[in-house]
Amino acid sequence: RLALADGFGKALATAAPPKGTIDILLPMPLHPARLRQRGFNQSLELARPIGRRLAITPQPDLLERQRNTAPQAEQPPDARRRNVRQAFHCRTDITGANVLLIDDVMTSGATLDEAARTLKLHGASRVDALVLARALPSSDI
């Protein structure tokens, strides 16, 4: 529901780190096939109001999803890390950067962990994440 993104993004922005502490605002990327199917990147839409609050432009092209992975919520818990292993590619050196990664839903955290791992391999000194919602795996309910 694209119409809800701005309001949810503004609410999420209240939890963002202080202005001036983030060098890169990074929405979680979608694989191009999933982006074509959905028509928009929900994480980018959430990142826009956060960027306005922090006076920083989201960089949706810095990290790319190079593998079209199955949705994490459909994976059993023990398969989630394997599902996203090496799914991301960082397009540039980001040595010393503090990165704020934005995502809509976190289940196990495996996708965020893999994105952070990729960013750190490309020089990020710190990677924090803001997520709108936390979905509990059925085994945790």
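Asn-98 is placed in strand 4 of this predicted model. With a relative accessible area of 24%, Asn-98 is partly exposed, since that value falls between the 20% limit for buried and the 50% limit for exposed. Leaving out residues up to four places away in sequence, Asn-98 touches Thr-21, Ile-22, Asp-23, Ile-24, Ser-125 and Arg-126. One of these contacts can be followed along the backbone: Asp-23 is 75 residues from Asn-98 along the chain, and the C-alpha atoms of the two are separated by 5.2 Å.

Strand 4 also leads to the interior. It covers residues 98-106 and is one of the elements that each supply at least two residues to the largest nonpolar core. That core has 20 residues, and those with the most contacts inside it are Leu-26, Ile-94, Val-99 and Leu-119. Strand 1 (24-27), strand 3 (88-90) and helix 5 (110-121) are the other elements that each give at least two residues. Helix 5 provides the largest share, five residues.

Leu-26 shows how parts of the chain meet here. Not counting residues up to four places away in sequence, Leu-26 touches Gln-59, Leu-62, Leu-63, Val-99, Leu-100, Leu-101, Ile-102 and Leu-119. Apart from this core lies another, of 13 residues, with Leu-12, Ala-16, Ile-22 and Leu-54 among them.

Next to consider is Leu-25, which is placed in strand 1. Is Leu-25 buried or exposed? Its relative accessibility is 0%, so Leu-25 counts as buried. Beyond residues up to four places away in sequence, Leu-25 is in contact with Ala-47, Ile-50, Gly-51, Ile-56, Thr-57, Pro-58, Gln-59, Leu-100 and Ile-102. Ala-47 lies 22 residues from Leu-25 along the chain, with 7.4 Å between their C-alpha atoms.

Gln-59 appears among the contacts of Leu-26 and among those of Leu-25. Gln-59 is found in the loop between helix 3 and strand 2. A relative accessible area of 30% makes Gln-59 partly exposed. Its contacts, again without residues up to four places away in sequence, are Asp-23, Ile-24, Leu-25, Leu-26 and Pro-27. Gly-39 is 20 residues from Gln-59 along the chain, and their C-alpha atoms are separated by 18 Å.

The loop between helix 3 and strand 2 (63-65) also holds Ala-55. Ala-55 counts as exposed because its relative accessibility is 55%. Its phi is near 55 degrees, a positive value in a residue other than glycine. Most residues other than glycine have a negative phi. A second case is Gln-86, which has a positive phi of about 55 degrees although it is not a glycine. Gln-86 lies in the loop between helix 4 and strand 3, and at 53% relative accessibility Gln-86 counts as exposed.

The packing of helices comes next. Two packed helices are described by the angle between their axes and the distance between the axes. Helix 1 (residues 5-13) packs against helix 3 (residues 42-54) at an angle of about 45 degrees, and their axes are 7 Å apart. Helix 1 and helix 3 are therefore oblique to each other. The crossing in which helix 1 passes helix 3 is right-handed. From helix 1, the contact is made by Ala-5, Asp-6, Phe-8, Gly-9, Lys-10, Leu-12 and Ala-13, and from helix 3 by Glu-45, Leu-46, Pro-49, Ile-50, Arg-52 and Arg-53. Sorted by class, this contact of helix 1 with helix 3 has seven nonpolar, one polar and five charged residues.

Two further residues complete the tour. His-31 lies in the loop between strand 1 and helix 2 (32-38). Its relative accessible area is 17%, so His-31 is buried, as buried means under 20%. Setting aside residues up to four places away in sequence, His-31 touches Arg-65, Gln-66, Arg-67 and Asn-68. Arg-80 is found in helix 4 (residues 80-84). At 5% relative accessibility, Arg-80 counts as buried. The C-alpha atoms of Arg-80 and Gln-66 are separated by 16 Å, and the two residues are 14 residues apart along the chain.

Technical notes. Residues numbered from 1 in each chain as written. Predicted model: local features only at pLDDT ≥ 70, side-chain atom pairs only at ≥ 80, totals over all residues. Heavy atoms only, no water. Core = buried A, V, L, I, M, F, W, Y, C linked by side-chain atoms within 4.5 Å. Buried < 20%, exposed > 50% of the residue type's maximum accessible area, 1.4 Å probe, protein only. Helix = DSSP H or I, 4+ residues; strand = E, 2+ residues; numbered from the N terminus. Contact = heavy atoms within 4.5 Å. Axes fitted to C-alpha atoms, helices over the stretch in contact; angles between N-to-C directions. Parallel < 35°, antiparallel > 145°, perpendicular 65-115°, else oblique. Left-handed = near helix turned anticlockwise from the far one by under 90°. Nonpolar A, V, L, I, M, F, W, Y, C, P; charged D, E, K, R; others polar.
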